[in-house]
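Reader: I should like a close look at a single part of this model, the open sheet and the strands within it. Please set the account beside the other local features that deserve attention.

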Amino acid sequence: MDFKNISASFHPAYTWLWNSTITRQGIREQLEEMYHAGIRAFYVIGEPENFRPKIRRTHLSPEYLSDEYLDLLFYAHETGKAMGMHMWLYNEGGFPSGMACGQIRQMHPELAMKELIPVKLTLEAGTPYIPHSSTAAAFLGVTRILPEQAFDTAAEITEYRICPESWSGIRTDTAAKRNTEIFLHQTHERMKNRFGDAMGTDITLMFDDEANMGTWTEGFDRIFREKYGYDILEYLPWIVGDFPPETDKQYRARSDYFMLCGDLVRDNYFTPMKQWLRQ
């Protein structure tokens with residue numbers, strides 16, 4: 001390799017944000033500026049208006065993943081290639097990857113990212129405990145309580161509820177294989193249809209950014225029990241609660257919990273993604 005004349009495909013790739021009205025003229029002008037600054041590789045992050053509306057105002061036009069948007073993305077590739085630049089593709093609008101910037105959640109609310117949220121309640125003396133419909137398990141301190149259980153005096157209890165992620169309102173559950181199937185169809189397949197033979201020849205790299213699940217996914221407790229042979233619901237105070245682990249069992253439960261989270265995202269998100277890209 002001639003290290004004084006390295007191919008553009010080996011250059012550091014710069015992030016190019018599209019968060020306003022995008023035109024062909026604007027694309028050409030910005031690519032020329034980048035080229036004269038010494039940049040030889042880039043990828044585009046489109047940031048639709050719903051990406052971070054409360055803290056990060058963005059006004060992407062045309063609509064993310066629309067035919068017009070993909071045409072402009074392809075134009076950026078063609079223009080950059082003619083200048084001797086190399087384009088990566090990026091699979092998300094904003095970040096993290098895996099949600100099609102809210103399009104999946106809009107179509108399939110059940111695929112929203114799921115979070116275990118501790119909710120503190122007062123159970124009056126003699127009142128049977130009736131769990132909330134979203135409750136995974138409830139505890140008095142670190143002692144699990146069961147439905148219909150009552151106490152002689154008022155008790156401060158904590159319910160661990162399974163709730164849709166609410167901070168962004170657009171993130172989805174990358175531990176769910178169905179989410180990945182829809183994501184690949186919404187993003188990768190649409191890019192492939194527009195870019196055609198350029199995919200895998202001129203364009204050989206797809207950037208994926210920070211894909212991760214929440215703190216829960218559908219059937220997590222069942223999957224956990226089948227893999228590790230004990231009930232993870234018994235250990236929620238040491239996983240998402242206020243109690244640091246002290247015993248070997250509590251440390252093991254935390255470790256097994258995080259390992260399973262990683263396994264599920266690997267098996268249901270990254271592995272199908274890798275298979276699609278290799279094909």
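Author: The account below begins with the sheet and then turns to unusual backbone geometry, the cores and one helix pair.

This is a predicted model, in which local features need pLDDT of at least 70 and side-chain atom pairs count only at pLDDT 80 or more, whereas totals for chains, interfaces and linings use all residues. Residues are numbered from 1 along each chain as its sequence is written, and side-chain values use heavy atoms, with hydrogens and water left out.

The open sheet has four strands in the order β5-β8-β6-β7, with antiparallel pairing. Strands are DSSP runs of E with at least two residues, helices are runs of H or I with at least four residues, and both are numbered from the N terminus. Two strands pair if DSSP finds at least two bridges between them. In general, strands of a sheet pair through backbone hydrogen bonds, either parallel or antiparallel. At the edges stand β5 (114-123) and β7, each with a single partner strand, so one side of each is left without a neighbour in the sheet. From one strand to the next, the twist averages 35°; angles run from 0 to 180 degrees between N-to-C directions, and axes are lines fitted to C-alpha atoms, for helices over the stretch in contact.

Strand β6 (residues 135-140) is largely enclosed by the rest of the structure, because five of its six residues are buried. Buried means under 20% relative accessible area, exposed means over 50%, and partly exposed lies in between, with a 1.4 Å probe and protein chains only. Four bridges join β6 to the antiparallel strand β8 (residues 155-164), where glutamate 159 stands opposite alanine 138. Three bridges join β6 to strand β7 (residues 143-145), and these two also run antiparallel. Leucine 140 has threonine 143 in β7 as its bridge partner. The hairpin of β6 and β7 has two residues between the strands, and glycine 141 takes a positive phi near 65° there.

On strand β5, lysine 120 counts as exposed, at 58% relative accessibility. Leaving aside its neighbours within four places in sequence, lysine 120 is in contact with Ile157, Thr158 and Asp242, where contact means heavy atoms within 4.5 Å. Lysine 120 and phenylalanine 139 are 19 residues apart in sequence, and their C-alpha atoms are 9.6 Å apart in space.

The backbone also deserves attention. Most residues other than glycine have a negative phi, and most peptide bonds are trans. In the loop between β7 and β8, glutamate 148 has a positive phi near 75° and counts as exposed at 55% relative accessibility. Alanine 100, in the loop between β4 and α3, has a positive phi near 50°, but this residue counts as buried at 0% relative accessibility. Proline 96 lies in the loop between β4 (89-90) and α3 (103-107), and a cis peptide bond with omega of about 0° joins phenylalanine 95 to proline 96. Another cis peptide bond, with omega of about 10°, joins serine 61 and proline 62; proline 62 lies in the loop between β2 (41-46) and α2 (67-82).

As for the interior, the largest nonpolar core has 69 residues, and Trp18 and Leu73 have the most contacts inside it. Such a core is a set of buried Ala, Val, Leu, Ile, Met, Phe, Trp, Tyr and Cys residues joined through side-chain atoms within 4.5 Å. Helix α7 gives the most to this core, with nine residues. Beyond its neighbours within four places in sequence, tryptophan 18 has contacts that include Ile27, Val44, Leu60, Tyr69, Leu73 and Ala76. A second, separate core of seven residues includes Leu123, Tyr129, Ala138 and Phe151.

Finally, the axes of helix α5 (residues 220-228) and helix α7 (residues 248-278) come within 11 Å and cross at roughly 110°. That makes α5 roughly perpendicular to α7, a class covering 65 to 115 degrees, while angles under 35 count as roughly parallel, over 145 as roughly antiparallel and the rest as oblique. Among the residues making this contact are Phe220, Ile223 and Phe224 of α5 and Tyr257, Met259 and Leu260 of α7. By class, the contact of α5 with α7 has nine nonpolar, no polar and four charged residues; Ala, Val, Leu, Ile, Met, Phe, Trp, Tyr, Cys and Pro count as nonpolar, Asp, Glu, Lys and Arg as charged, and the others, Gly among them, as polar.
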